[in-house]
There are 4 protein chains.
Amino acid sequence: MNNIKYGLIGTGRLGSEVETILNENGYSIVLKEDINGTWQIGEPQLIIDCSLPEAFSKTIEHVKSFEVPLIMATTGLTNEHLKMLHAVSRIVPVIQSFNYSIGIQLLLKLTEIAKNTLPGWDVEITETHHRFKKDKPSGTAKMIQNVFDGKEIEVSSLRLGNVAGDHTVYFGGLGEVISIKHSATSRRTFAEGILKSADFILNKKPGLYTFTDVVFNPTKEG
Amino acid sequence: MNNIKYGLIGTGRLGSEVETILNENGYSIVLKEDINGTWQIGEPQLIIDCSLPEAFSKTIEHVKSFEVPLIMATTGLTNEHLKMLHAVSRIVPVIQSFNYSIGIQLLLKLTEIAKNTLPGWDVEITETHHRFKKDKPSGTAKMIQNVFDGKEIEVSSLRLGNVAGDHTVYFGGLGEVISIKHSATSRRTFAEGILKSADFILNKKPGLYTFTDVVFNPTKEG
Amino acid sequence: MNNIKYGLIGTGRLGSEVETILNENGYSIVLKEDINGTWQIGEPQLIIDCSLPEAFSKTIEHVKSFEVPLIMATTGLTNEHLKMLHAVSRIVPVIQSFNYSIGIQLLLKLTEIAKNTLPGWDVEITETHHRFKKDKPSGTAKMIQNVFDGKEIEVSSLRLGNVAGDHTVYFGGLGEVISIKHSATSRRTFAEGILKSADFILNKKPGLYTFTDVVFNPTKEG
Amino acid sequence: MNNIKYGLIGTGRLGSEVETILNENGYSIVLKEDINGTWQIGEPQLIIDCSLPEAFSKTIEHVKSFEVPLIMATTGLTNEHLKMLHAVSRIVPVIQSFNYSIGIQLLLKLTEIAKNTLPGWDVEITETHHRFKKDKPSGTAKMIQNVFDGKEIEVSSLRLGNVAGDHTVYFGGLGEVISIKHSATSRRTFAEGILKSADFILNKKPGLYTFTDVVFNPTKEG
């Protein structure tokens, strides 16, 4: 049991999962900030933000006041927000990512290796999500497209029932097909990624880190 | 060994497979018609056309002259051709289909049952073919779409290496997904369907049959 | 809004889902029976049992006292229990099934059609479940095996993370493969099946029905 | 057109594909060795062996006599054979591998990266081959198992129709599943791997290379 004290900004669906998982792993929550205000019973050694951009300035205030590492898991941040994170990362270690799934990080890495190994092969991407998801293609599918350095790769988007989220990349040569598939089965995966990030950041030097660093470069410093 | 004598119109890739498979199953070829002309060593009890529309009138001539059943596997037939087949089917039994794969017939039937069982579910179709296939979606994908009586179902088309042909239909409800997938692994499947059609047609009454009848209605008459 | 009043035996995970879904569809709960005792505010027109075999006699008591239809969704019933259900079904309509997933019912039906259409083809079954599932193969995989009338079909069992449950049946011929796959994405599917059963049973004559009847034979009587 | 002259030992199914592909890519065959004896019209700059162990000593003889690189694609070699290859590789560059598919090489590499990234995740392997393949699991599945350093990973083997060969590795965590799949669609892929090996070896220093080197370490020397 590491018994690290932490503060949580945002107690929605992701925030609640994070609280459950961190508590299961020996972390103690001592500060909570949400729509109902601030609750505090101790001094945090780490701040985790699973909230909305609206809470951003409050989060930065806490980080500066306690001078502790920050894990930023809020989506929808503006360039202005990202600049402010950069500034804060000169004082404390900061991890910022739009997707804390280990599997998606791995999917992106494997896709890059396959791309480099198989020049001239055909590439296709498919993504399947629940019927309520209106945007096509998914943000993650766009992250996969970006692996191909601007070469235009088509994405086929399927909308089915309440599927949590599947992404597949196919590489086709004359005589063989290689495919790499990621299926999300629950939201818990993102909370697991934040736990992994917490374990990563506690003894780091100040600097701006990504979740890719957490997964593939755990000894990176500053 | 049934020792049925047959005539084959067209000796291309499909025709050659048909000849191999029929010979393996006790049929004897006694007439061949192709670009090199006519070869004949006996009187056929059955005519199979795996040729091109150009050979159509010659085929009909043979069928009328021997008064034997016809299996028509040529694609690209016009409405005029189909009318002539209809006329001939008053004299002899005729099977006409654009796709002699048993698996595709089954895929269509299972899709129809699923459609009727799962009203209100989301439906998606995907098809994957080799990179040289230019048309999207595939003809078989269109046959699947037609099962849905004009309800518009999207088809996602993937083009990968030299994949022979995959088709999948997905049904998504809140809490579950059912999918039905067909993969072609070789051209042999079409020749097998023609063998099955030959076994079907030999003792039938005159009439126009389809490959769907062969697969799902083997005792149909006239 | 049908405004049917119902009683629920068992308020565990499945029972709670059933309550949510029935309330969303115009049903009103007026009786609850669980480990905490009985709660009642009206006279039910339907009893649903999502409990354990221990509650069985209490359930039968309620059904007899109100003389209303019963949906029995409890697993682990003994032959003795099933005999008692049979007896009760002479007075009121009863539905009993060990699996209220529409998709699984459809999977079984499609498997049977494929089996009949493809004699001599190879058959394989795979099932994937979360790592905590100890029994292999799954009960549903055994239901699929039973479709093959005692012909021994191998089941490959995969245990992976927290997968809710996937089942696939493959049919392989020389030249093509057909597969039928069912993926559970949430428990909600079983509650949906119970809702469908409730809609089915309200105006039926006394008799013992199955969930297969609900899905494929909705006009069955007695 | 590189116009390299080469000798081919073994003219069976793989040998014929190799001859076709090399000729398409500017190589000229000047020596053939098979069950019918030796045919020669020039001096080879490269020897390729797609034969059987029985031809091994003849192959080594040619390699020594012409002092040219060797690509050894024969399976079923004994340790004694491998030692002799090692000896010959002090004089000329030699590539030896039991599987010349680029996709399988990539599958193995991606599997290793996934294994290292996902400690504690469940792993499963499936392989599907035609019904005539008697051995279970496949040799390639064993190569995948070997990536896991002796940790016992189960392989599920499916036998279906005339499937050329599918291999899938699954990694399951709590909340997500990653899978990597390879499907062979034709024998041509192995011939492509041998072409790639020919391009690799022509200007190398003496030494023993593997097909893994060809794919992932193209600048390796000696």
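## Close-ups of two chain interfaces

**View 1. A salt bridge links chain D to chain C.** In this predicted model, the side chains of D:Glu154 and C:Lys136 form a salt bridge, with 3.6 Å from N to O. Where does this pair belong in the wider picture? The rule finds four salt bridges across the interface of chain D and chain C.

**View 2. Here is the side of chain D that touches chain C.** Four strands of chain D each supply at least two residues to this side: S7 (122-129), S8 (155-159), S9 (166-173) and S10. Sorted by class, the residues on this side are ten nonpolar, nine polar and seven charged. How many residues of chain D are in contact with chain C? There are 26 of them, and they meet 26 residues of chain C. Between the two chains, ten residue pairs are in polar contact, with both residues at pLDDT 80 or more. The area that chain D and chain C bury between them is about 1700 Å², and 57% of it lies on carbon and sulfur atoms.

**View 3. Chain D and chain C are related by a turn.** Imagine picking up chain D and laying it on chain C: a turn of 180° and a shift of 0.1 Å along the axis does this with an RMSD of 0.1 Å. That is the relation of a two-fold axis. Which residue of chain D comes closest to the rotation axis? It is D:Ser156, whose C-alpha lies 3.0 Å away from the axis. The copies meet through the same surface, because 100% of the interface residues of chain D are also interface residues in chain C.

**View 4. Strand S10 of chain A pairs with strand S10 of chain D.** Now we move to another interface. S10(A) and S10(D), the latter covering residues 176-184, pair in the antiparallel sense over nine bridges. To find your place in this pairing, look for A:Ile178, whose bridge partner in S10(D) is D:His182.

**View 5. Here is the wider meeting of chain A and chain D.** In this interface, 30 residues of chain A are in contact with 30 residues of chain D. About 2400 Å² is buried between them, with carbon and sulfur atoms giving 61%. The rule finds zero salt bridges here, while 18 residue pairs are in polar contact, both at pLDDT 80 or more. On the side of chain A that touches chain D, two or more residues come from each of helix H4 (102-117), strand S10 (176-184), helix H6 (188-201) and helix H7 (211-216). H4(A) gives the largest share, ten residues. By class, this side of chain A has 15 nonpolar, ten polar and five charged residues.

Technical notes
Residues numbered from 1 in each chain as written. Chains lettered and ligands numbered in written order. Predicted model: local features only at pLDDT ≥ 70, side-chain atom pairs only at ≥ 80, totals over all residues. Heavy atoms only, no water. Contact = heavy atoms within 4.5 Å. Buried area = accessible area lost by both parts, 1.4 Å probe. Polar contact = N/O pair within 3.5 Å; in protein donor to acceptor, adjacent residues only side chain to side chain. Nonpolar A, V, L, I, M, F, W, Y, C, P; charged D, E, K, R; others polar. Pairing = 2+ DSSP bridges. Least-squares fit on C-alpha atoms with pLDDT ≥ 70 in both.
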